[in-house]
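Please open the structure in a viewer and keep the sequence panel visible. The stops below each propose a selection and describe what is found there.

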Amino acid sequence: MSSLRNLLRTVALVGMSAALIAPTAVARAEPSPADLTRRIETSSAELERVVESYNKLREEIKTNEAAVARLQTRIGPLEQQVEQSRADVAKLASTAYKSGGLRTADALLRAGGSTALLDRLGTIEQLTRQRQERISGFTADQQRLLDEKSRLDATVTRQAAQARQLAAGKKQIEQDLAKLYELRRQAYGAATERPRSKTLAEAKDVPAVSGAAGTAVRYAFGAIGKPYVWAADGPNGYDCSGLTSAAWRAAGKSLPHNTRMQWGAVSHIGRGDLRPGDLIFYNGLGHVALYVGGGQVIDAPSAGRNVLKRGMNMMPIEGYGRVR
């Protein structure tokens, strides 16, 4: 009987120990490398969407600021023209009066009498009406430009506020990424890839492409190994649309620093028409890469990684474009 009691006591103690230990073991369980990778990729994709939205607003702000500057250069001379027209009318009336052209008594006593007066008055009235019409025209143009400038100023202010909001959202995502990078450091020993130079094989692998497309392709190869940097377009770092815009800028072509805007700026082509230098768009226009031939692209993948050359089918493809 004593042995049975001892056995039951032992089983109870083991059960209690297991109950106490099990939650601790679960709490201390660390995510696997595969789980960390999935979480980092998910957050990176979310960050890239925010960055591309930020890039789009920044491009629109630059366009509107340039339009405002152009309006300001036109408004200044127009204001001077209006003031000069007003002064001309005042001078015309004053000169006509001082010269005697409006002195009724003199006009009636001179040869021609009332007929000459009416002729002179008609001429002055016609000149004054023409001048006033010019003033009205200038004033209307001035008001139209001022109204347009006011609208553009409001747009620039609104978009700047939106850009600040996006930057705040980006900051929050970067904070979340920092936590994941710390876990990645624990799993892999490093939070991000180290910038590196091209390998000898990569240096020899640059295709011989002529023209502007060749310049863009060579630029992209030169960017391999440089880090992903949000909203950057080189030369020390890039995001996805920053790399493609920089590559084609080197070739003398201007592309906006935003994936969706680039999609709107290129000619859309089929997969079978792809040539080195063309752009491939991914994930609902959330990512873009430069095609370099042989089924390969060069792109700035995501935060924490470096520009690299890889297979073009690395994610769902939205479409293909050729720079005009």
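**First stop: the nonpolar core.** Begin with the largest nonpolar core of this predicted model, a set of 38 residues. Select Y238, W248, L279, L290, I298 and V307, the members with the most contacts inside this core. Next, colour the elements α2, α4, α6, α7, β2 and β3 (287-293), each of which supplies at least two residues of the core. Which element gives the most to this core? It is α6, with 6 residues.

**Second stop: helix α7.** Select residues 240-250, which form α7. Is this helix largely enclosed or open? Of its 11 residues, 9 are buried, so α7 is largely enclosed by the rest of the structure. The buried residues are C240, S241, G242, L243, T244, S245, A246, A247 and W248; W248 has already appeared among the core residues with the most contacts. Move on to G252, just after α7, where phi is positive at about 90°.

**Third stop: aromatic pairs.** The model contains 3 aromatic pairs. Select Y219 and Y238 to display one of them, an edge-to-face pair with 6.3 Å from centre to centre and 85° between the planes. Y219 belongs to helix α6 (residues 211-223), whereas Y238 sits in the loop between α6 and α7, so the pair ties together parts that are 19 residues apart in sequence. The two rings may also be examined for exposure. Y219 is partly exposed, at 26% relative accessibility, while Y238 is buried, at 1%.

Now select W263 and F281. How are these two rings arranged? Their centres are 5.0 Å apart and their planes stand at 75°, so this pair is edge-to-face. W263 is part of helix α8 (residues 259-265) and F281 is part of strand β2 (residues 279-282), so parts that lie 18 residues apart in sequence are tied together here. F281 is buried, with a relative accessibility of 0%.

**Fourth stop: the strands around β6.** Remain with β2 and add β6 (residues 317-322) to the selection. The strands β2 and β6 run antiparallel and are joined by 4 bridges. Add strand β1 (residues 267-269), which also pairs with β6 in the antiparallel sense, over 3 bridges. Which residue of β6 should be highlighted as the bridge partner of I269? It is Y320, and I280 likewise stands opposite Y320. While viewing the strands, it may help to recall that side chains in a regular strand alternate between the two faces of the sheet.

**Fifth stop: the largest pocket.** Select E41, S44, A45, P301 and S302, the lining residues that lie nearest the centre of the largest pocket. The space in this pocket is about 380 Å³, and its lining comprises 18 residues. Colour α2 (33-98) and α4 (113-188), the elements that give two or more residues to the lining. The largest share, 7 residues, comes from α2. How is the lining divided by residue character? There are 6 nonpolar, 6 polar and 6 charged residues.

**Sixth stop: the second largest pocket.** Select R58, E59, K62, D233, S245, R249, K253, S254, L255, P256 and H257, which line the second largest pocket. This pocket holds about 150 Å³ of space. At least two lining residues come from each of α2 and α7, and the largest share, 3 residues, is from α2. The lining divides into 6 charged, 3 polar and 2 nonpolar residues. S245 links this stop to an earlier one, being also among the buried residues of α7.

**Seventh stop: along helix α2.** Finish with two residues of α2. N64, in this helix, is buried, with 14% relative accessibility. Select Q159 as well: N64 and Q159 are 95 residues apart in sequence, and their C-alpha atoms are 9.7 Å apart in space. R86, also placed in α2, is partly exposed at 38% relative accessible area. To complete the tour, select R131, which is 45 residues away from R86 along the chain; the C-alpha atoms of the two are separated by 8.2 Å.

Methods. Residues are numbered from 1 along each chain as its sequence is written. This is a predicted model: local features need pLDDT of at least 70, side-chain atom pairs count only at pLDDT 80 or more; totals for chains, interfaces and linings use all residues. Side-chain values use heavy atoms; hydrogens and water are left out. Rings of Phe, Tyr and Trp (its six-membered ring) pair if their centres lie within 6.5 Å; planes under 30 degrees apart count as stacked, over 60 as edge-to-face and the rest as tilted. Buried means under 20% relative accessible area, exposed over 50%, partly exposed in between (1.4 Å probe, protein chains only). On a 1 Å grid over the protein atoms alone, a cavity is a set of points where a 1.4 Å probe fits but cannot get out, and a pocket is an open set with protein on both sides within 12 Å along at least five of seven lines; lining residues have an atom within 4 Å of a point. Grid points are joined across faces, edges and corners, and a volume is the space filled by probe spheres set on the points. Ala, Val, Leu, Ile, Met, Phe, Trp, Tyr, Cys and Pro count as nonpolar, Asp, Glu, Lys and Arg as charged, and the others, Gly among them, as polar. Two strands pair if DSSP finds at least two bridges between them. A nonpolar core is a set of buried Ala, Val, Leu, Ile, Met, Phe, Trp, Tyr and Cys residues joined through side-chain atoms within 4.5 Å.
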